[in-house]
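Keep your viewer open and follow along, one selection at a time. Each stop says what to pick and what is there.

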Amino acid sequence: MEKSCTLLIHFDKGTPAIANEIKEALEGNDVSAKIDAMKKAIMLLLNGETLPQLFITIVRYVLPSEDHTVQKLLLLYLEIIEKTDAKGKVLPEMILICQNLRNNLQHPNEYIRGVTLRFLCRLNETEIIEPLIPSILQNLEHRHPFIRRNAILAVMSIYKLPQGEQLLVDAPEMIEKVLTTEQDQSGKRNAFLMLFTCAQDRAINYLLTHVDRVSEWGELLQMVVLELIRKVCRTNRGEKGKYIKIIISLLNAPSTAVIYECASTLVSLSSAPTAIRAAANTYCQLLLSQSDNNVKLIVLDQLNELKSSHRDIMVDLIMDVLRALSSPNLDIRRKTLDIVLELITPRNINEVVLLLKKEVVKTQSGELEKNGEYRQMLIQAIHSCAIKFPEVASTVVHLLMDFLGDSNVASAIDVVVFVREIIETNPKLRVSIITRLLDTFYQIRAARVCSGALWIIGEYCLSLSEVESGIETIKQCLGELPFYSVSEEEEATDASKKTLPANSITVSSRRPAILADGTYATQSAASETAFSPPTVIQGSLASGNLRSLLLTGDFFLGAVVACTLSKLILRLEEVQPSKTEVNKATTQALLIMVSMLQLGQSPVLPHPIDNDSYDRIVLCIRLLCNTGDEIRKVWLQSCRQSFVKMLSEKLLQETQELKEKAQISHAQPDDLIDFYHLKSRKGMSQLELEDEVQDDLKRATGEFVKDADDANKLNRILQLTGFSDPVYAEAYVTVHHYDIVLDITVINRTKETLQNLCVELATMGDLKLVERPQNYTLAPESSKQIKANIKVSSTETGVIFGNIVYETSNVLERTVVVLNDIHIDIMDYISPAVCTDAAFRTMWAEFEWENKVAVNTVIQDEKEFLGHIIKSTNMKCLTAPSALDGECGFLAANLYAKSVFGEDALVNVSIEKQADGKLSGYIRIRSKTQGIALSLGDKITLKQKGGS
């Protein structure tokens with residue numbers, strides 16, 4: 001059996017000291033050598049050496065030393081040596097120490113008295129302590145506070161020993177006297193702590209008699225008072241009212257630690273609006289006054305919890321929470337925006353958006369390296385505000401359009417997505433947005449942002465003037481035609497024989513890109529994270545952004561330009577009465593498209609045009625040469641309709657999620673409900689009344705009802721031994737974040753008493769047993785509940801195995817029953833989560849662990865198989881249901897989950913139906929750590945078969 005240890009010191013095993021050397025040093029007169037020798041002896045003892053011969057040397061040569069450090073080390077040595085024999089009797093030589101300890105307790109030096117009292121707090125042997133009690137009690141009245149406060153702690157730890165109450169019968173009364181006279185804050189706190197742990201009624205009594213003075217007590221004592229209040233209110237809910245008043249009075253304490261504790265205590269004890277408002281105000285105050293980022297993050301977590309349970313109170317504090325945006329830390333800003341976005345109401349939307357706009361403007365001026373990312377967060381926040389409350393869109397959309405040319409591509413893309421959604425949902429803003437977009441189009445630098453902006457121009461330029469200026473803008477941005485001259489072509493053919501021209505910047509990233517459905521595409525494109533202005537291929541000067549992007553070989557953008565021009569020409573036919581003008585515009589558009597094809601097939605560029613873009617541009621040329629009503633409908637209406645459908649589905653999904661959140665558990669049919677109007681109100685303050693009412697409401701709406709389903713509990717019981725074993729055992733496994741609790745029921749099936757019965761457990765994987773199991777005695781046919789705690793440090797699948805060992809009265813050797821293994825399932829740690837497509841793709845590209853599982857199943861329907869995988873892996877399908885509609889013989893979907901340790905798990909399912917009706921394909925799992933990828937892979941391999 002391992003012994004309890006009260007001392008831990010790092011020990012370097014490099015050069016172990018030899019017992020003889022230590023002995024010699026201790027016998028010498030050199031104090032510093034003695035100190036070193038004592039330290040080495042303590043280290044060796046802590047590492048399992050016994051050193052029995054040293055004890056007498058230490059008694060002879062170290063006990064008499066007057067040096068304080070030597071005396072302190074002597075006490076540490078005494079703390080860790082064995083003081084009892086195998087049967088638990090105190091060793092006779094310990095009597096030698098007793099006298100020394102008594103002398104120390106009466107020593108004229110305060111330090112020696114104090115450290116000796118501290119040492120006594122860690123002694124468990126009553127035979128050694130008993131003779132020292134009179135000296136300890138004398139120290140309670142010593143003039144020096146250091147001694148008094150340690151004497152109180154010594155009394156407390158002795159009183160807590162198994163025979164403590166006999167040793168110190170009237171300890172609580174003495175300490176209560178000390179508490180009333182003590183002036184030292186630390187001493188007062190120790191005395192109150194002693195009453196709190198050993199005589200709770202006296203502590204409560206003292207608190208209630210001095211209730212008016214609590215706010216003047218020291219910080220340490222106030223913390224213990226809060227601890228006491230929490231304990232009392234948990235056991236006796238009826239008494240809450242008077243204690244909540246004490247907490248509210250402590251909210252004005254000067255110590256930030258105290259007010260933080262007060263706020264969290266208030267939230268845990270009461271739901272009265274006054275109390276919650278006070279706590280929320282305190283958190284907001286701490287958020288602004290504390291400079292430490294960790295403190296801010298902790299406070300934001302608390303506010304986030306309050307938001308979910310008391311949204312109406314938090315709504316009033318929205319502007320206070322927003323002030324946390326002044327912190328330069330991105331995590332704090334992100335958390336703040338997440339909280340605020342869920343608290344927006346028609347009453348505060350204008351204030352919030354105004355503040356967000358100011359923040360966006362600020363990001364332009366300062367040159368902080370994280371400004372781009374912060375701006376992106378703000379743009380997304382404003383976007384979601386404008387979608388919820390369309391009336392604010394007009395105030396922000398023009399400000400945000402200034403950022404279309406942002407050097408941070410991600411935030412520019414967010415702006416284009418925002419503008420695209422607003423122009424559809426707010427028809428009144430269409431004209432002003434289009435005008436502004438055409439004015440600022442030349443500033444856009446990123447190809448993806450250009451594509452988005454061109455789509456908007458193609459879809460929403462409706463009047464004659466808009467269509468004409470749209471065509472004109474595109475022509476200006478493409479510059480002079482052709483895109484290269486013949487002389488350049490000849491130079492290029494010569495140069496390509498040697499190397500690529502030095503100034504053509506094609507940053508080819510040859511890593512596979514992930515498309516929206518989770519499939520791969522190899523992309524060769526200019527890397528789009530930061531812009532160096534593209535250098536233009538020899539000789540031709542860049543006159544516009546579209547031209548410079550085309551000359552880097554971005555033909556996808558060329559195809560988008562062709563489609564936009566086609567749409568604009570089709571519109572022009574509808575709104576321009578003059579046939580000549582239409583034909584003129586058509587020929588110009590055709591010339592641009594043909595020039596792009598020519599550029600794509602010329603040797604000037606390092607990469608020729610890709611087939612997709614080529615086909616698309618050719619299609620546009622055909623369309624403009626031969627327009628019909630059917631095609632016109634497809635180009636001018638279907639595209640917009642599918643966009644509208646996408647928006648309505650997004651909205652539907654969001655409202656569905658809100659509905660799901662709103663469905664909470666309700667009360668049991670036979671629960672008691674108090675009627676608050678019929679309550680007697682004698683002597684109750686407003687706050688106490690509020691608190692009672694809220695408790696009743698909670699009881700009525702089922703907030704106190706625990707949702708642990710008993711039937712579900714039965715599913716989690718694991719049988720550990722067989723029915724015919726002499727000892728039957730089963731375990732109920734509870735997984736709670738970082739802890740696993742095993743509730744093991746052990747039943748003695750024999751007619752004999754089992755002695756020293758012990759459940760020995762061992763673990764494999766990232767699991768650690770917290771405490772060693774105890775020995776029990778089991779009467780015939782009786783049972784025992786044994787609890788075992790296990791700490792978890794990662795999501796790797798762990799195994800717990802072990803055996804039950806016991807002795808019976810008539811057999812001398814021990815009997816062993818081997819237990820069934822318990823496999824800890826990864827499903828207990830991961831829960832479904834949501835992330836954006838962009839975030840999913842970024843993570844998919846970054847994570848280095850991939851596990852690829854081949855599909856092997858008896859299920860023949862793709863959607864049924866996907867449902868089966870989602871159910872058995874406990875993940876959320878990110879692919880919209882509409883994208884999975886219809887029958888086409890193949891399916892690709894992305895799944896996402898998060899573990900309790902904050903790790904992300906990404907899964908992509910790609911399956912195809914074979915001619916024989918069977919499904920084939922792969923399930924790919926990616927994660928940052930190996931554990932999740934492997935465990936999920938094993939889980940899927942185990943479960944994917946399906947069928948019965």
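Select strand 6 (residues 754–764) together with strand 10: in this predicted model the two are antiparallel and share nine bridges. Pick valine 759 next. Across from valine 759, in strand 10, stands isoleucine 804.

Stay on strand 10, which spans residues 798–808. How many of its 11 residues are buried? Eight are, so that the strand is mostly covered by the 20% cut-off.

Now add the other partners of strand 10. Strand 11 (residues 815–818) runs antiparallel to strand 10, with four bridges between them. Select tyrosine 806 to find threonine 815 of strand 11 opposite. Strand 12 (residues 822–824) is also antiparallel to strand 10, and three bridges join this pair. Here valine 799 faces a partner in strand 12, histidine 823. Strands of a sheet pair through backbone hydrogen bonds, so switch on the backbone while you look.

**The open sheet**

Select strands 3, 4, 5, 9 and 7, in that order. They make up an open sheet of five strands, paired antiparallel. Which strands sit at the edges? Strand 3 (717–719) and strand 7 (767–769) do, each pairing on one side only. From one strand to the next, the twist averages 30°.

Zoom in on the strand 3 end. Strand 4 covers residues 727–736 and is antiparallel to strand 3, with three bridges. One bridge to show is leucine 718 with alanine 731 of strand 4.

Then move to the loop between strand 8 (776–778) and strand 9 (783–792), where glutamate 781 is found. Check its backbone: the phi of glutamate 781 is near 55°, a positive value in a residue other than glycine.

**The cores**

Colour the nonpolar residues. The largest nonpolar core holds 215 residues. Which of them have the most contacts inside it? They are Tyr77, Phe192, Leu207, Leu303 and Leu546. Helix 31 (residues 555–575) supplies the largest share of this core, 12 residues. Another core lies apart from it and has 30 residues, with Ile740, Ile744, Val759 and Ile786 among them. Val759 is the residue already selected opposite isoleucine 804.

Go back to the largest core and centre on leucine 207. Beyond four places in sequence, leucine 207 touches Phe192, Val214, Trp217 and Val225, and also Leu228, Ile229, Tyr243 and Ile246. Phe192 is itself among the residues with the most contacts in the core.

**The cavities**

Turn on a cavity display. There are five cavities of 30 Å³ or more. The largest cavity has about 60 Å³ of space. Select its lining: Lys72, Leu75, Leu76, Glu79, Val115, Arg118, Phe119 and Arg122. Two elements each give two or more residues to this lining, helix 4 (68–80) and helix 6 (110–120). Which helix gives the most? Helix 4 does, with four residues.

**Single residues in and around helices**

Select glutamate 373, in helix 23 (residues 371–388). Is glutamate 373 buried, exposed or partly exposed? Its relative accessibility is 39%, so glutamate 373 counts as partly exposed. Show its contacts beyond four places in sequence: Leu330, Arg334 and Asn408. Then draw a line between the C-alpha atoms of glutamate 373 and threonine 363. They are 10 residues apart along the chain and separated by 9.7 Å.

Next, pick threonine 440 in helix 26 (residues 430–440). Threonine 440 has 8% relative accessibility and therefore counts as buried. Outside its neighbours up to four places away in sequence, threonine 440 touches Met401 and Leu404.

Move on to the loop between helix 28 (464–478) and helix 29 (486–498), which contains proline 482. Show the peptide bond from leucine 481 to proline 482: this bond is cis, with omega about -10°.

Finish at asparagine 874, in the loop between helix 38 (862–873) and strand 15 (876–877). Asparagine 874 has a positive phi, about 60°, although it is not a glycine. Why does asparagine 874 count as partly exposed? Its relative accessible area is 27%, and partly exposed covers values between the 20% and 50% cut-offs.

Key:
Residues are numbered from 1 along each chain as its sequence is written. This is a predicted model: local features need pLDDT of at least 70, side-chain atom pairs count only at pLDDT 80 or more; totals for chains, interfaces and linings use all residues. Side-chain values use heavy atoms; hydrogens and water are left out. A nonpolar core is a set of buried Ala, Val, Leu, Ile, Met, Phe, Trp, Tyr and Cys residues joined through side-chain atoms within 4.5 Å. Buried means under 20% relative accessible area, exposed over 50%, partly exposed in between (1.4 Å probe, protein chains only). Contact means heavy atoms within 4.5 Å. Two strands pair if DSSP finds at least two bridges between them. Axes are lines fitted to C-alpha atoms, for helices over the stretch in contact, and angles run from 0 to 180 degrees between N-to-C directions. On a 1 Å grid over the protein atoms alone, a cavity is a set of points where a 1.4 Å probe fits but cannot get out, and a pocket is an open set with protein on both sides within 12 Å along at least five of seven lines; lining residues have an atom within 4 Å of a point. Grid points are joined across faces, edges and corners, and a volume is the space filled by probe spheres set on the points.
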